[in-house]
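Could you walk me through this structure in my viewer, one selection at a time? I would like to know what to pick next and what is there.

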Amino acid sequence: MTTLSIEELEVQYQLRDKTIRAVDKVSLFLKNNESLGIVGESACGKSTLGLAIIRSVPGGKIVNGDITLDGKSTLKMTEAEFAKTVRWKKISMVFQGAMNSLDPVFSIRQQFEEILQAHDYRGDRQKTINDIIDSVGLPPTVLDKFPHELSGGMKQRVVIAMALVLRPSLVIADEPTTALDVLVQAQILSLLKKLKKEGMSLILISHDLGIISEIADNVGIMYAGKIVEFGTLQEVYSNPKHPYTQALFKSMPKIKGEPELISLKGTPPNLANMQTGCRFYDRCTHAMEKCRKEPPKIKTESGHVLCWLYE
Ligand SMILES: Nc1ncnc2c1ncn2[C@@H]1O[C@H](COP(=O)(O)OP(=O)(O)OP(=O)(O)O)[C@@H](O)[C@H]1O
Ligand SMILES: [Mg+2]
């Protein structure tokens, strides 16, 4: 059964004189116990997409589309119903940079207690906190420390544990390994893999194709507010179809093979001022006249690729 389905989702930030279309008609799905990687360059809308799934986009608004969880629309719920039944309980998020926003004046234990209190948690709170800190591979002594006493890797485990404490079935992790050294990155990835083995579904947001390849079953490549290619990890990595995906792979260093890195010319389009046709038009080496006029929307057997080359 499909756990999460996103249909034609649009999320915008309304500024005084312009509208930023950060997520524009995005459709995706994620089945139970699967992991989905979202990759794309900075400012393409990855975090906004994640925040929209938990219906909490500071400064922004979901203006169109639908999100269903186990067949039920979460966007049609009232805020009270969503907060009570879905946010943190079924879907939680490890926010980008969250380890740097742990409250410096409270111990880790107090910060966990606050979460359980806010959700009116009825079970044995101390046992729940101890169990979750153990499951992310931290010793119980961490609980009585303050954030400044912990290393970056420990803080990142703490924020992951916070997202997990109410045992959600889906966790959205936004750049959970960025700014950590490679050894700690590997530890965090193996933790996420372990949680997935235990039955959790995962949306992993990253700009790093290598990280995504470690853990994702399916991959969505995001460009300028759109998922331009969506498919299984195997399909997207071994046979990238969209010219943007192809360019991403060519710009990634390899140990063997092409000695020269090929960088993409031009810059991403302004999300406040969108052209009518394909958003990649200006930078695409395969651009055709049709691409300038009409936005592509092509379904493939198991996913989609937004490119007129595959019409
Ligand atoms: N609160 C906000 N108000 C106005 N614009 C915003 C706000 N948050 C994000 N944006 C804009 O929305 C677009 C998408 O931002 P978002 O943070 O989702 O990108 P991202 O892909 O997560 O980037 P990064 O890889 O740098 O984290 C950007 O153009 C950004 O400037
Ligand atoms: Mg982001």
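**A walk through the sheet**

Start by selecting β7, helix α6 (residues 182–197) and β8: together they make a right-handed β-α-β unit. Keep in mind along the way that this is a predicted model.

Now keep just β7, residues 170–174, on screen. Are its residues buried or exposed? Five of its five residues are buried, so to speak of the strand as mostly covered is fair by the 20-neighbour cut-off within 10 Å. Colour the two faces separately and you will find Leu170, Ile172 and Asp174 buried on one side, with Val171 and Ala173 buried on the other. As a reminder, side chains in a regular strand alternate between the two faces of the sheet.

Next, bring in the neighbours of β7. β8 runs parallel to β7 and is joined to it by five bridges; pick Ile172 and you will see Ile203 of β8 opposite. β6 also pairs with β7 in the parallel sense, over four bridges, and here Ser92 stands opposite Val171 of β7.

Moving on from β8 (residues 201–206), add β3, residues 35–39. These two strands run parallel and are joined by five bridges. Val39 is a handy residue to click, since Ser206 in β8 stands opposite.

Time to show the whole sheet. In which order do the eight strands come? Read across, they go β6-β7-β8-β3-β9-β10-β12-β11, forming an open sheet with mixed pairing. The edges are held by β6 (91–94) and β11 (298–299); each has a single partner strand, so one side of each is left without a neighbour in the sheet.

**Over to helix α9**

Select α9, residues 243–250, and look for its buried residues: Pro243, Tyr244, Thr245 and Leu248. What covers them? Show α7 (209–215), β9 (218–223), β10 (226–232) and α8 (233–238), which are included in that cover. Turn the view until you can follow α9 lying across β9 and β10, where α9 runs at about 100 degrees to β9.

**Last stop: ligand 1**

Finally, centre on ligand 1 and display the 17 residues that surround it, the closest being Ser42, Lys46, Ser47, Thr48 and Gly59. Which element gives the most to this shell? That is α1, with three residues. Both β2 (19–31) and α1 (46–53) supply at least two residues each. Colour the shell by residue type and you get seven nonpolar, nine polar and one charged.

Note on methods:
Residues numbered from 1 in each chain as written. Chains lettered and ligands numbered in written order. Predicted model: local features only at pLDDT ≥ 70, side-chain atom pairs only at ≥ 80, totals over all residues. Buried ≥ 20, exposed ≤ 12 C-beta atoms within 10 Å, placed from the backbone. Contact = placed C-beta atoms within 7 Å. Near = placed C-beta within 6 Å. Nonpolar A, V, L, I, M, F, W, Y, C, P; charged D, E, K, R; others polar. Pairing = 2+ DSSP bridges. Axes fitted to C-alpha atoms, helices over the stretch in contact; angles between N-to-C directions. Right-handed = clockwise from strand over helix to strand, strands pointing away.
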